[in-house]
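Morning, everyone. One model today, and I'll keep it short. Please have a look at the screen first.

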Amino acid sequence: MTINVLINGAKGRMGGEAVKAVGQDPACRVAGQTDREDNLPRVLAELRPDVVVDFTQPDAAYPNALAIIQAGGRPVIGTTGLTEEQIAHLTALCAEKKLGGLIAPNFAIGAVLMMRFSAEAARHLPHVEIIELHHDQKIEAPSGTAIKTAQMIQAARPVPPPPKVREVELSPGARGTAEYSVPIHSVRLPGHVAHQEVIFGGLSERLTIRHDSIHRESFMPGVVLSVKKVMETDRLVYGLEHFL
Ligand SMILES: NC(=O)c1ccc[n+]([C@@H]2O[C@H](COP(=O)([O-])OP(=O)(O)OC[C@H]3O[C@@H](n4cnc5c(N)ncnc54)[C@H](O)[C@@H]3O)[C@@H](O)[C@H]2O)c1
């Protein structure tokens, strides 16, 4: 059976890559391409795609996902910026309708491994901070990958180590932001795609786990895998690791 896939945000950088990658897979067919000017609920009603891949922008991710699920499509959401509450609600909606789905802050296989290894390292080296680096067109900070990494670190290291001194920030934000008790520092510069360093400090030792996406095609094997996997399940999951 061919999987009919609608790509939403098809005119964007990630959407364009997804159109190419999904179109090249013999098990899939690009049934439609939509972007900002299209009426998503109407297109969904007309095309009735099996799966909808969404790479749009943070404030559009939630309404898009609601429309996709409402229409009986299986969402594969790569757009970042969904809150914990929104993810919980979308998960409940998919469970109700018995729809497979995925929300993934990062589709690169290496990034998933970087997060997994970081969680493992945090059990032994609890002092950890994250530096994430992205291109200068990225809207939100910190990145979804950094937040998810921090969440996984917190689950592995439930009690963060207390600070050694009472810190004073001379400029607000100098010590980054704290998500799940892990400081995150965000860099936005031309010449970057998506990169992250998770730095652990121990007694006279340092461990750095780094991942680099050097081209957006690095995300595509994960996208195509997810399109197939959501057809085989009846619930929505958060994170590509569930499909690996
Ligand atoms: N999960 C991952 O692996 C991963 C990797 C890279 C980027 N991202 C995320 O994917 C998203 C897109 O990134 P990009 O670099 O392709 O951005 P982009 O700006 O190049 O493309 C976004 C596209 O979405 C369209 N769009 C905006 N609002 C829309 C709406 N309401 N309905 C339909 N289309 C809409 C825009 O017109 C544009 O064509 C961002 O949230 C980014 O953080 C995720």
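I'll go through the domains, then the two sheets, a helix pair and the ligand shell.

Ground rules. This is a predicted model: local features need pLDDT of at least 70, side-chain atom pairs count only at pLDDT 80 or more, and totals for chains, interfaces and linings use all residues. Residues are numbered from 1 along each chain, as its sequence is written.

Domains. The assignment gives domain 1 as 3-103 + 217-243 and domain 2 as 109-213. Those bounds come from an automatic or database domain assignment. Taken over C-alpha atoms, the centres of domain 1 and domain 2 are 27 Å apart. Their contact takes 11 residues from domain 1 and nine residues from domain 2. Contact means that the C-beta atoms of two residues, placed from the backbone, lie within 7 Å. On the domain 1 side, four of the touching residues are nonpolar, six polar and one charged. For the classes, Ala, Val, Leu, Ile, Met, Phe, Trp, Tyr, Cys and Pro count as nonpolar, Asp, Glu, Lys and Arg as charged, and the others, Gly among them, as polar.

Now the six-stranded sheet. This sheet is open, with parallel pairing and the order 2-1-3-4-5-11. Helices (H or I, at least four residues) and strands (E, at least two) are DSSP runs, numbered from the N terminus. Two strands pair if DSSP finds at least two bridges between them. Which strands stand at the edges? Strand 2 (28-34) and strand 11 (236-238); each has a single partner strand, so one side of each lacks a neighbour in the sheet. From one strand to the next, the twist averages 20 degrees. Inside the sheet, strand 3 (residues 51-54) and strand 4 (residues 74-77) pair in the parallel sense over four bridges. V51 has R74 of strand 4 as its bridge partner. Helix 2 (residues 40-47) packs on this sheet, touching strand 1 (3-8) and strand 2, and its direction makes about 150 degrees with that of strand 2. Helix 3 packs here too, touching strand 1, strand 3 and strand 4, at about 160 degrees to the direction of strand 4. Axes are lines fitted to C-alpha atoms, for helices over the stretch in contact, and angles run from 0 to 180 degrees between N-to-C directions.

Helix 3 has a partner. Its axis and that of helix 4 (residues 84-97) come within 10 Å and cross at roughly 5 degrees. The two helices are therefore roughly parallel to each other, a label for angles under 35 degrees. Helix 3 brings Y62, A65 and I69 to the contact, and helix 4 brings Q86, L90, L93, C94 and K97. Six of these residues are nonpolar, one is polar and one is charged.

Next, the five-stranded sheet. The order is 7-8-6-9-10, open, with mixed pairing. Strand 7 (177-179) and strand 10 (205-213) are the edge strands. Strand 7 runs antiparallel to strand 8 (residues 182-188), joined by three bridges. A178 bridges to P183 in strand 8.

Last, the ligand. Which residues come nearest among the 25 around the ligand? G9, G12, M14, A60 and G78. Near means a C-beta atom, placed from the backbone, within 6 Å. Helix 1 (13-24) and helix 3 (58-70) each supply at least two residues of the shell. Helix 1 gives the largest share, three residues. By class, the shell has nine nonpolar, 11 polar and five charged residues.

Note on methods: Parallel < 35°, antiparallel > 145°, perpendicular 65-115°, else oblique.
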